[in-house]
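Subject: Structure for your review, with notes on its aromatic contacts

Dear colleague,

Please find the structure below. My notes on its aromatic rings follow it.

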Amino acid sequence: MISVRNLTKYYGMTLAIDNVSFEVEKGTVTGFLGPNGAGKTTTVRIITCYLTPTSGTVMVENHDVLTDSFEVRKKIGYLPENAPLYLDMNVVDYLKFMQNMRGIMGTSNGNRIKLVIERCGLGDVLHKNIGELSKGYRQRVGLAQALVHDPEILILDEPTVGLDPNQIIEIRNLIRELGKDKTIILCSHILPEVEATCKRVLIINEGKIVADGTPAELQSSFEGRGRITLQAKNNLDSFLSKIPNLPGVDRVIQSHRTAENLLNIEVETAKGSDPREHIFNLCKDNGSVLLELKREETSLEDIFRKLTGKEE
Amino acid sequence: MHQVLTLAKKEFRSYFDSPIAYVVITLFLLIAGWQFSTSLFLNNTPDLRNIFGIVRFILLFFVPALSMRLISEEKRLGTIELLMTLPIKDWQLVLGKFLSAYMLIIVTIFLTLIHYITISILGEPDFGATFAGYLGLVLIVGVYLSIGIFTSSLSQNQIVAFILSFGIVFVFFMLDKIIFFFPGFLANILEYLSIDYHFNNIARGVIDSRDLIYYLSVIIFFLFLTVQTLESRKWK
């Protein structure tokens, strides 16, 4: 459906996207996940023909965004970041305007608008000026605008920014619902959002794709990698020096001593291993006392932070 | 083409959603009416020549005031991103916006025809001169407006757009008034570039293709620059 090959984009001297390639299959909801400034919006702007790539190709259903951009634009419904709208127009007029601007004219298309209004829950605010609407409603008008021509592809850039938790859940449900019959690309820096709505996740950082797969796949590729937090007392120096050498321990993330001379350690375990038993035995042999021992599985959030974080 | 008209219609309507159209039209008619009545009652000259004089001058401010928001507002709101990802060519956007403001100003200018009616009741107005005068005004507005829409595409700040377009328009307006300071060959070039020189030709009743070509080419030149400015975003 959408195929991106070796896409590179420079803004002046700044590299925004660095040789990115990926495919989006028809009928999937794909999440672009990444911290702010990772290159999500730039990628999306190239797919929607707003920007031109420095090099590389983007094909949308065999139409090149450079040479065949009209065909591409017709197929895409786009909600840019922050849902930019004309604040002095009312909702119905705006939706009709956007539909007409897409070259769809005539009365039979009123039905499409009705359907979109119903789907996006805009029935109560039809004749209000967009400027008077709350952020949640504006976001929905933005979404409605992207749907007036019944596009095959829907591209949503941070659709839930600035919404309250109830509105976020509404929009997510709507996206899931739309995902049943449309190809959707969803940009976000919010993990639970992507986890909740997307079948597939692309994690982008500093212009590169650093992970690609279903949420479950991403988790399993890190499976077994977990964290162990523990607290011990007595003979701490030798305990601390021996613990990195235990089988199954990858590294010590942090350790610190409390005022009561207790030692708190956080270690990361190697893939597919569980060194709790070794830790217990080490304590026994070393004459230390183990006060706490707890193991945690890696969450998608950990993966995200690991892949995109600069520290650690 | 119907997208161009859809856009023009929407822009035209949005002038009336804000006070700007009402303020501009009212002020414009007040000033034109005041000029007309002074020449009629004080100087006893029932013609529209005075109106054409003052209108050319006040349009220097009014056209930039109407054109300043055309593109800069879209940039400020971010709606330009939606507009430019629609299946429409950039020149169609520019043309739609240009036509909306052009319509508004032409309607405003033709509202002064009421003075022509007054004159035709009082005496025998020169129809040819009036027609030529209005044609000249319509062409001048086109030039001012194409400059206005170009500067509007340069900035997301309306005030910047206004001042820039006023500056450029003013230079064009002043050209034939400062040619005495330049040597002959330069003076000829400046005179040719001057808006007023061509207006005076037309207002004399001589509708020459050279003058029409001048106006049309300046309009197209600035509209072309506007399209180029919009497209340059892609390569930045």
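**Aromatic contacts**

The face of Phe70(A) is covered by Lys89(B), at 4.2 Å from the ring centre; a charge counts as over a ring if NZ of Lys or CZ of Arg is within 6 Å of the ring centre and within 35 degrees of the ring normal. Likewise, Lys10(B) lies over the face of Phe97(A), 5.4 Å from the ring centre.

This is a predicted model, in which local features need pLDDT of at least 70 and side-chain atom pairs count only at pLDDT 80 or more, while totals for chains, interfaces and linings use all residues. Residues are numbered from 1 along each chain as its sequence is written, chains are lettered from A and ligands numbered from 1 in the order in which they are written, and side-chain values use heavy atoms, leaving out hydrogens and water.

Over all chains there are 19 aromatic pairs, that is, rings of Phe, Tyr and Trp (its six-membered ring) with centres within 6.5 Å; planes under 30 degrees apart count as stacked, over 60 as edge-to-face and the rest as tilted. Tyr86(A) and Tyr94(A) form an edge-to-face pair, with 6.0 Å from centre to centre and 70° between the planes. Tyr86(A) also pairs edge-to-face with Phe97(A), at 6.1 Å and 75°.

Tyr86(A) is buried, with a relative accessible area of 6%, and Phe97(A) is buried at 4% (buried means under 20% relative accessible area, exposed over 50%, partly exposed in between; 1.4 Å probe, protein chains only). Tyr94(A) is buried as well.

In chain B, Phe57(B), Phe61(B), Phe166(B), Phe170(B) and Phe173(B) make up one aromatic cluster.

Yours sincerely
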